[in-house]
Amino acid sequence: MSPRASESDLASFLHAFQSLSHLAQRQAEADQARGREPLLPALEAHLGVDPRGLAVLTELVSPLRIADADVAIERVVASHGGGTVLGVGGGDQRWHNGLSEILQVAGQWGQFPLGPVDYTTVPVGPDEERATVSYGLHLFRHDDVPVVLLQRGGRPQFGSQPQLEVLTPGDGVAAAVLAEIREAMNAHSVLRGQVVTFTTSSYEPGAGGVTFVRRPRVSAEQVVLPEGLLARVERHVLGIGRHRAELAAAGQHLKRGVLLYGPPGTGKTHTVRHLVGAAQDSTVILLSGRSLQLVTQAADTARALQPAIVVLEDCDLVAEERSHFSSSPLLFEVLDALDGLAADCDVVFLLTTNRADVLEPALAQRPGRVDLAVEIPLPDLRARRALLDLYAADLPFGPGVRDEVAAGAEGTTASFAKELVRRSVLRAVEREGEVGDDDLRTSLEEMMADGGALTRVLLGGAGPVDGQGPASAAGFVSVPGVAPGAGPAASAAASGWEE
Ligand SMILES: Nc1ncnc2c1ncn2[C@@H]1O[C@H](COP(=O)(O)OP(=O)(O)OP(=O)(O)O)[C@@H](O)[C@H]1O
Ligand SMILES: [Mg+2]
């Protein structure tokens, strides 16, 4: 036998073997399906025609809107007099085939019988979950025209996104059904009025989910900033929203971009938490670290659910990074998302950074995105005294020692004051005594003299370690190994959002 002949023999053998194993699999699945109600006749009875002759209209659903799609379908079906939901059996194979393939195969092999509906629970609030259909056929009538709607969740591990597939004999009915669902998804979104973070998935960045965060409550009195600064920020972030009708009537734009910059631990995140707490009616989307690459989805969601606030925490961390969606730096994408919104959208983009120097070139190249940039500085003497009073409100420190410690803590951050009070209390607890002036004094001495340079820098105890770089030249503390070299923070919690 010539080598050529054996090669072609082998190829045809492999081909035959493949067909055989395919047949065996189909037969096994058909055997499994035997005795269960077949899919096609059930659909044909509802549609009045053979479903295999109908075109399927497909719409992808963002993984961030799974709950919204589920709520919307329920409402749309109910608004048309209700319907039934059927499940499809046949194991994993269902996930790899579109509805029309499933119908063809079901007809030929009886492979996909009716089965139980698949559900997945997804969060719809900080303490609430909803069982959503992850694989199910909705059978209902749209103004007397029969409709079959397949609702399926995503399988990110196989690269498949959640989607809806509509089958109906009526002209234009499939498009009308999908339009109604889209509208209901925004009108009745579970995200509306909530505080959420979007998370990326390890399979692909767009396939993450939604995490609900409890709305923080930080009163204005708990935010110690230079005189008038908080009022300025509040007027821009909240005031414009409060007067949206008057401003819109006077032809003024509502969309706004606010940047809070300043050294670590001075209260940028703290201020954002206050604003978010005060904006009770706003939908808030928090992005930080890796999730900043979902900025376009966040902007779309914010527009649909306005009034809304999109918080972009520590956005300097993505100044260099490139997203999976585009080749330009992620920071530009963030700024472009801001620009992409219509001027009359009541949406605030709230950016924070402790590296304004890193942001500056990007902001200069994309002007007009940020219309208020506010420095949150290190606290001055008055502020340090106020911080002590805030964090030691119930502790018996005398006014004299408070003045003395506030003066001695020159150059420290607001978070330093908080830690100082904690250490004083800890000293007393360890001694099994009452906390007093000496604890405060000694803790200050210890923290100011702290041997660990990093601790000092983290708490702002000794100013910049590296007096040379551009960051410190601009008055910023550079924190070796923490920012920005350590890479993006993983979550909102990591950036101090949740206490
Ligand atoms: N101006 C302030 N008034 C009152 N408390 C403050 C202030 N700044 C910081 N704190 C306290 O210190 C904690 C840490 O501050 P925060 O997370 O807001 O710093 P940041 O400016 O966001 O720093 P980073 O740049 O590292 O993100 C806050 O949770 C709060 O308890
Ligand atoms: Mg912060």
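The exercises below work through a predicted model of one protein chain with a ligand.

Residues are numbered from 1 along each chain as its sequence is written, and chains are lettered from A and ligands numbered from 1 in the order in which they are written. In this predicted model, local features need pLDDT of at least 70 and side-chain atom pairs count only at pLDDT 80 or more, while totals for chains, interfaces and linings use all residues.

**Exercise 1. Describe the protein chain as a whole.**

Step 1. Take the secondary structure: the chain has 18 helices and 14 strands. Helices (H or I, at least four residues) and strands (E, at least two) are DSSP runs, numbered from the N terminus.

Step 2. Take burial: of the 499 residues, 41% are buried. A residue is buried if 20 or more other C-beta atoms lie within 10 Å of its own, exposed if 12 or fewer, and partly exposed in between, with C-beta atoms placed from the backbone.

Step 3. Take contacts, meaning two residues whose C-beta atoms, placed from the backbone, lie within 7 Å. Of the contacts with a separation of 6 or more, 72% are between residues 24 or more positions apart.

**Exercise 2. Find out why strand β12 counts as largely enclosed, and name its partners.**

Step 1. Strand β12 covers residues 308-313, and six of the six are buried, so the strand is largely enclosed by the rest of the structure.

Step 2. Sort the side chains: A308, V310 and L312 point one way, while I309, V311 and E313 point the other way.

Step 3. Look for pairing, which requires that DSSP finds at least two bridges between two strands. Strand β11 (residues 283-288) runs parallel to β12 and is joined to it by six bridges; L286 has V311 as its bridge partner. Strand β13 (residues 347-353) also pairs with β12 in the parallel sense, over five bridges, and here A308 is matched with V347.

Step 4. Add the helix: β11, α10 (residues 295-304) and β12 form a right-handed β-α-β unit. Right-handed means that, with the strands pointing away from the viewer, the path from the first strand over the helix to the second runs clockwise.

**Exercise 3. Inspect the backbone on either side of β12, then compare D314 with D144.**

Step 1. In the loop between α10 and β12 lies P307. The peptide bond from Q306 to P307 is cis, with omega near 0°.

Step 2. In the loop between β12 and α11 (330-340) lies D314. D314 is not a glycine, yet has a positive phi of about 50°. It counts as buried because it has 25 C-beta neighbours inside 10 Å.

Step 3. D144, in the loop between β5 (128-142) and β6, is not a glycine either and has a positive phi of about 75°. D144 counts as exposed because it has 8 C-beta neighbours inside 10 Å.

**Exercise 4. Place strand β7 among its neighbours.**

Step 1. Four of the five residues of β7 (residues 163-167) are buried, so this strand is largely enclosed by the rest of the structure.

Step 2. Strand β1 (residues 56-60) pairs with β7 in the antiparallel sense over five bridges, with V56 facing L167 as bridge partner.

Step 3. Strand β6 (residues 145-152) is also antiparallel to β7, with five bridges; Q151 has L164 as its bridge partner.
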